[in-house]
Amino acid sequence: MSVSSDQLQQHAAPRIGFVSLGCPKALVDSERILTQLRTEGYQVVGGYQEADLVVVNICGFIEAAQEESLDAIGEALTENGKVVVTGCLGVKESVIRDRFPEVLAITGPHDYEAVMTAVHAQLTPPARNPFTDLLPDSGIKLTPRHYAYLKISEGCNHKCTFCIIPDLRGRLGSRRVDEVLAEAHRLVRDGVRELLVVSQDTSAYGVDRRYEAAHWQQREWRSHMTDLSRALGELGIWIRLHYVYPYPHVDELIPLMADGAILPYLDMPLQHASPRILKAMRRPAGGEAVLERIRRWREICPELVIRSTFIVGFPGETEEDFQELMDFLREAQLDRVGCFTYSPVEGARANELPDAVPTEVAQRRKRELMELQADISAAGLARFVGQVMQVLVDEVDGDGAVARSYADAPEIDGLVHLRGAAGIRPGQFADVLIEEADAHDLYGAVLR
């Protein structure tokens with residue numbers, strides 16, 4: 001059997017394994033590195049053994065994430081031996097070097113050029129054939145084809161005492177609005193039907209640029225959350241906003257949601273409701289102010305779904321503080337809630353605060369909070385029973401399928417389980433009659 005020169009070239013191309021950990025922002029970093037690797041002609045493979053080198057993109061947000069990252073590096077070294085490390089924990093190079101001195105190179109987050117330099121030092125880029133080495137305009141994605149994360153900025157200007165993200169990813173650095181919109185258009189052309197807007201602080205988008213304007217498709221848009229949302233809303237797909245802090249101008253987004261320009265969904269990490277604990281966390285606003293705004297938002301957009309995250313067991317948190325948080329949840333009736341027990345992270349100022357909460361107390365508070373929220377979520381989902389909802393199909397299995405409604409972000413919220421889905425494909429929208437609900441998911445039948 002003869003082998004073509006193209007096949008020999010492909011076989012000879014250096015092979016890169018890739019491990020991606022962490023949040024959606026880190027996932028976007030991984031996608032950009034993988035796109036550059038493929039652009040330069042490297043093969044990307046799915047296992048350690050067939051790889052000539054492994055890139056590990058790691059997380060460093062909390063202690064558990066750091067340990068998971070270090071375990072991943074150790075596994076890659078054991079299974080392959082040639083490892084380049086990038087990501088948030090990379091800024092703490094000594095932590096990695098002390099345990100794994102044999103790592104080839106270590107870079108910080110979103111330092112794509114340094115990653116490629118490290119790869120080039122080990123594996124020479126192959127000669128490329130522009131007719132066979134084709135990539136989508138939007139590059140390589142680690143999500144299913146029908147949805148993608150759109151990162152609009154890096155870093156954060158907040159100084160929350162429990163967080164070291166500004167130390168890991170730097171201060172806020174917003175992308176130009178025309179660059180963001182150009183990427184969004186490329187993604188839609190490549191088949192994306194849902195864009196999930198992410199950053200460390202989506203509400204602060206453009207502050208560092210003083211909301212400078214740029215032209216896109218013969219119109220002027222500010223580098224501002226409201227303008228960006230309005231422009232994205234013209235794409236005719238689902239636009240979902242994540243990491244939205246309750247700044248005053250968030251009020252401007254609610255009419256866009258009510259009009260259907262963007263999804264009536266807010267991912268808003270509130271972290272607590274007690275003014276005393278919020279002050280210790282160096283977080284803005286208090287429970288009462290947020291409750292009033294939520295009431296106003298729901299008057300304008302009754303379909304609004306809000307998800308949030310909270311920390312219990314923060315140093316100094318008393319039972320009174322915790323009960324204030326529980327009262328807030330009863331009043332706010334948030335649709336989706338995640339809860340974490342406080343985790344000390346090296347370098348976080350909260351570690352110096354007095355009155356540490358015992359682990360067993362923090363775990364008990366988390367359990368009580370999630371039990372309360374399960375009841376709230378079940379009641380909230382029950383309102384959809386009997387309604388017809390549009391869903392976006394993620395997976396299909398015979399006559400059944402798994403989809404998501406506007407109320408469900410991938411991997412963190414609930415699902416809509418479908419019957420009568422024969423002929424439906426992933427990435428399609430479908431109208432569904434909701435028949436049942438539980439504390440997390442909806443169940444329904446596809447309408448023909």
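Where in the chain is the place of lysine 159? Select it in this predicted model, and you will find lysine 159 in the loop between strand E7 (153-154) and helix H6 (165-169). With a relative accessibility of 48%, lysine 159 counts as partly exposed. Add Arg171, Arg282 and Arg349 to the selection, since together with Lys159 these residues form a positive surface patch.

Next, select glutamine 66, which is found in helix H3 (residues 63-79) and counts as buried at 10% relative accessibility. Leaving aside residues up to four places away in sequence, glutamine 66 touches Cys59, Gly60, Leu89, Lys92, Ile164 and Val345.

Turn then to the salt bridges, of which the structure holds 33. One of them joins the side chains of lysine 151 and aspartate 29, at 2.5 Å from N to O. Because lysine 151 lies in strand E6 (residues 147-151) and aspartate 29 in helix H2 (residues 24-39), this pair ties together parts that are 122 residues apart in sequence. Lysine 151 counts as buried, at 1% relative accessibility, and aspartate 29 is buried as well, at 2%.

Select arginine 383 and aspartate 335 next, whose side chains meet in a salt bridge of 3.4 Å, N to O. Arginine 383 sits in the loop between helix H13 (359-382) and strand E16 (388-397), and aspartate 335 in the loop between helix H12 (319-332) and strand E15 (336-341), so that the pair links distant parts of the chain, 48 residues apart. Here arginine 383 is partly exposed, with a relative accessible area of 36%, whereas aspartate 335 counts as buried at 13% relative accessibility. Finish with Glu317, Glu319, Arg364, Arg365 and Glu368, which salt bridges with shared partners join into one network.

How values were computed. Residues numbered from 1 in each chain as written. Predicted model: local features only at pLDDT ≥ 70, side-chain atom pairs only at ≥ 80, totals over all residues. Heavy atoms only, no water. Patch = residues over 30% accessible without salt bridge, like charges linked within 9 Å, V, L, I, M, F, W, Y side chains within 5 Å. Areas by Shrake-Rupley, 256 points an atom, 1.4 Å probe, with all protein chains shown as cover. Salt bridge = Lys/Arg side-chain N within 4 Å of Asp/Glu carboxyl O. Lys, Arg positive; Asp, Glu negative; His and termini not counted. Charge placed at Lys NZ, Arg CZ, Asp CG, Glu CD. Helix = DSSP H or I, 4+ residues; strand = E, 2+ residues; numbered from the N terminus. Buried < 20%, exposed > 50% of the residue type's maximum accessible area, 1.4 Å probe, protein only. Contact = heavy atoms within 4.5 Å.
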